[in-house]
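Biologist: Please take one part of this model, look at it closely, and then connect it with the other parts in a single continuous account. I should like each step to be plain enough for a first-year student to follow.

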Amino acid sequence: MAKQRMLQFVNVERDMPEKRPPDLRAHDFNEIYAEYATAKAEEQAGRCSQCGVPYCQSHCPLHNNIPDWLRMTAEGRLQEAYELSQATNTFPEICGRICPQDRLCEGNCVIEQSGHGTVTIGAVEKYITDTAWENGWVKPAAPKHERAESVGIIGAGPGGLAAADMLRRQGVQVTVYDRYDRAGGLLTYGIPGFKLEKDVVMKRVDQLVQGGVTFKMNCNVGEDIAFSELQKTHDAILIATGVYKSRELPAPGVGAQGIVRAIDFLTASNRKSFGDAVPEFDSGELNAEGKRVVVIGGGDTAMDCLRTSIRQGATSVKCLYRRDKANMPGSQREVANAEEEGVEFVWLSAPKGFSGDSVEGVMVSKMRLGAPDASGRQSPEIIEGADYVEDADLVIMALGFEPEALPTLWGVPELEVTRWGTVKANFETHATSLPGVYACGDIQRGASLVVWAIRDGREAAEAIMDQINAAAQVAAE
Ligand code: FAD
Ligand code: SF4
Ligand code: SF4
């Protein structure tokens with residue numbers, strides 16, 4: 001009888017790939033998790049109980065066929081596992097690295113619910129696709145026939161790139177416009193290398209180029225080229241510009257030197273890792289070395305600033321967050337990583353002002369959690385008389401992002417936006433209020449996740465293909 005490879009969760013414990021020790025990893029920007037050895041990946045995949053109704057799959061935004069690719073991995077059928085995994089996910093090795101799995105697939109694994117520890121879905125997904133790259137199974141687009149229709153994509157982040165890949169594979173002429181010099185969006189300049197090494201992203205970009213996608217970099221739509229020009233050039237346009245306007249804190253002293261935006265700090269650090277000249281880093285303005293750093297915020301961006309500061313050689317790194325650990329938006333896995341690396345979390349603390357022309361301290365109000373608000377979350381309330389000062393030489397504001405006012409910036413008032421300023425678009429077709437114009441990713445849903453941007457980009461590409469095919473049919477009649 002064939003050996004039973006699955007349902008091993010009773011005998012085999014959950015085991016993540018090895019994590020580099022904090023004292024080693026805190027000095028560089030390389031990823032912190034090693035790759036599984038083949039036998040380990042097969043063993044861990046074999047823990048899956050092959051649920052008839054897989055909650056992991058329904059809680060993956062891409063509805064990846066997780067149980068089937070886990071079984072194939074456990075059986076050593078890696079190429080088939082890769083083919084199945086890439087059928088629903090354009091960048092599985094990226095999601096395997098940076099999805100907050102504890103809130104998505106793994107957090108809903110039934111084995112986790114029954115107390116055995118979740119199947120390590122993300123780590124196996126990364127292993128499958130990294131192996132596919134090593135073996136040359138990941139192929140650039142090679143459409144059977146070229147089509148005359150063209151699509152302009154504004155924004156080379158995961159949403160735009162996922163759409164570019166799908167459209168190009170169907171022979172469409174695709175041009176991606178981006179205001180940065182390198183493609184990848186936040187994958188390249190936001191997320192630090194210790195979560196996602198940059199060659200992983202650049203390999204994908206290179207492959208899109210090999211497959212015939214044209215990139216127009218250093219091209220800020222609305223400044224270097226008008227939106228109306230793109231409308232004339234292309235049969236359809238996809239807006240995938242992300243959200244970049246940092247939320248501000250209206251507090252006394254906030255304009256002091258040494259108080260910086262998270263996105264500026266992280267972009268400078270990522271550019272430095274690419275070997276670029278970064279004067280604001282070299283001058284010390286965006287460099288945490290030798291400083292007492294305070295990061296304000298409790299989301300993924302705050303976690304990345306904290307851990308980047310540690311790696312830059314800060315003397316102390318503290319996180320101020322107005323709620324407690326259980327109520328923070330950032331991934332618990334990232335909080336644990338940050339704590340291991342030496343970050344101190346100061347829970348239930350909110351900034352009320354800053355002292356010094358060049359920042360010297362943050363005036364902090366202590367908070368307690370009160371009654372739940374409309375969203376069901378407990379609202380933080382100030383504890384009177386408990387204020388104190390937290391010393392700081394560098395304060396990094398990580399309070400979230402809002403969309404830029406695209407209709408004004410681009411001179412297209414007919415482009416409808418929501419009351420939050422995100423582009424209003426259908427959540428299945430991604431069609432906006434302008435004919436032939438679609439939107440995806442953060443600019444449609446607000447600051448979100450890479451995996452959602454990929455899903456949106458793929459769905460938008462499908463809808464654009466429907467539009468193109470319908471027009472071609474009309475022309476042929
Ligand atoms: P983006 O990735 O923002 O890309 C948009 C692109 O559009 C950019 O390249 C920009 O230059 C370009 N652009 C904008 N305006 C114009 C214009 N006018 N003309 C031309 N080009 C333009 N998500 C996760 O899933 N896991 C994580 O661990 C994670 N960590 C994060 C850490 C940080 C610091 C941040 C800020 C976000 C993180 N996210 C994470 C969220 C994730 O990065 C985003 O949800 C995702 O990148 C959104 O993809 P997008 O394609 O919509 O936009
Ligand atoms: Fe889990 Fe993200 Fe992979 Fe889906 S894409 S299976 S949520 S790691
Ligand atoms: Fe396997 Fe867990 Fe998904 Fe069930 S929920 S199919 S055990 S990974």
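Modeller: In this predicted model, glycine 258 counts as partly exposed, because its relative accessible area is 22% and the buried class is reserved for values under 20%. The residue sits in the loop that runs between strand S5 (245–246) and strand S6 (259–261). Beyond its neighbours within four places in sequence, glycine 258 is in contact with Val359, Asp393, Leu394 and Val395. A further relation concerns serine 358: this residue is 100 positions away from glycine 258 in sequence, yet the two C-alpha atoms are 6.0 Å apart in space.

The wider setting is the division of the protein into domain 1 (8–134), domain 2 (150–243 + 403–476) and domain 3 (247–401). For domain 1 and domain 2, the centres taken over C-alpha atoms are separated by 28 Å. Their contact draws 24 residues from domain 1 and 22 residues from domain 2.

Where does ligand 1 lie with respect to the domains? Ligand 1 lies between domain 2 and domain 3, because both of these domains give residues to the shell around it. That shell has 34 residues, and those that come nearest are Ile98, Asp178, Lys195, Val221 and Tyr244. Three helices each supply at least two residues of the shell, namely helix H9 (158–169), helix H15 (300–312) and helix H19 (450–476). Sorted by class, the shell comprises 18 nonpolar, 11 polar and five charged residues.

Two of the nearest residues also take part in polar contacts with the ligand. A polar side-chain atom of aspartate 178 is 2.6 Å from an oxygen atom of ligand 1, and a side-chain N or O atom of lysine 195 is 2.8 Å from an oxygen atom of this ligand. Arginine 179 contributes through its backbone, where a polar atom is 3.1 Å from a nitrogen atom of ligand 1. As for cover, ligand 1 has 990 Å² of accessible area on its own, and the protein covers 97% of that area.

Ligand 2 has 13 residues around it, of which Cys60, Asn64, Cys99, Cys105 and Glu125 come nearest. Its shell consists of nine nonpolar, three polar and one charged residues. Ligand 3 is surrounded by residues that include Cys48, Cys51, Cys56 and Cys109, together with Ser49, Pro54 and Val119. Helix H7 (110–113) and H4 each supply at least two residues of this shell. In the shell of ligand 3, 11 residues are nonpolar, one is polar and none is charged.

Two residues in helices may now be set beside the loop residue treated at the start. Glutamine 44 belongs to helix H2 (residues 38–45). It is buried, because its relative accessible area is 0% and buried means under 20%. Apart from residues up to four places away in sequence, glutamine 44 touches Val12, Glu13, Arg14, Asp15, Tyr36, Val119 and Thr120. One of these, Val119, is also among the residues that surround ligand 3.

Lysine 126 lies in helix H8 (residues 121–134). With a relative accessibility of 8%, lysine 126 counts as buried as well. Outside its neighbours within four places in sequence, its contacts are Glu31, Tyr33, Ala34, Glu35, Glu93, Gly96 and Arg97.

Two histidines deserve attention for their backbone angles. Most residues other than glycine have a negative phi. Histidine 63, however, has a positive phi of about 50°, and phi of histidine 430 is likewise positive, near 65°. Both stand in loops: histidine 63 between helix H3 (55–58) and helix H4 (66–74), and histidine 430 between helix H17 (406–409) and strand S16 (437–439).

Are these two histidines buried or partly exposed? Histidine 63 is partly exposed, since its relative accessible area is 41%, whereas histidine 430 is buried at 0%. Glycine 258, at 22%, shares the class of histidine 63, because both are partly exposed.

Terms used: Residues numbered from 1 in each chain as written. Chains lettered and ligands numbered in written order. Predicted model: local features only at pLDDT ≥ 70, side-chain atom pairs only at ≥ 80, totals over all residues. Heavy atoms only, no water. Near = heavy atom within 4 Å. Nonpolar A, V, L, I, M, F, W, Y, C, P; charged D, E, K, R; others polar. Helix = DSSP H or I, 4+ residues; strand = E, 2+ residues; numbered from the N terminus. Buried < 20%, exposed > 50% of the residue type's maximum accessible area, 1.4 Å probe, protein only. Contact = heavy atoms within 4.5 Å. Polar contact = N/O pair within 3.5 Å; in protein donor to acceptor, adjacent residues only side chain to side chain. Areas by Shrake-Rupley, 256 points an atom, 1.4 Å probe, with all protein chains shown as cover. Domains from an automatic or database assignment.
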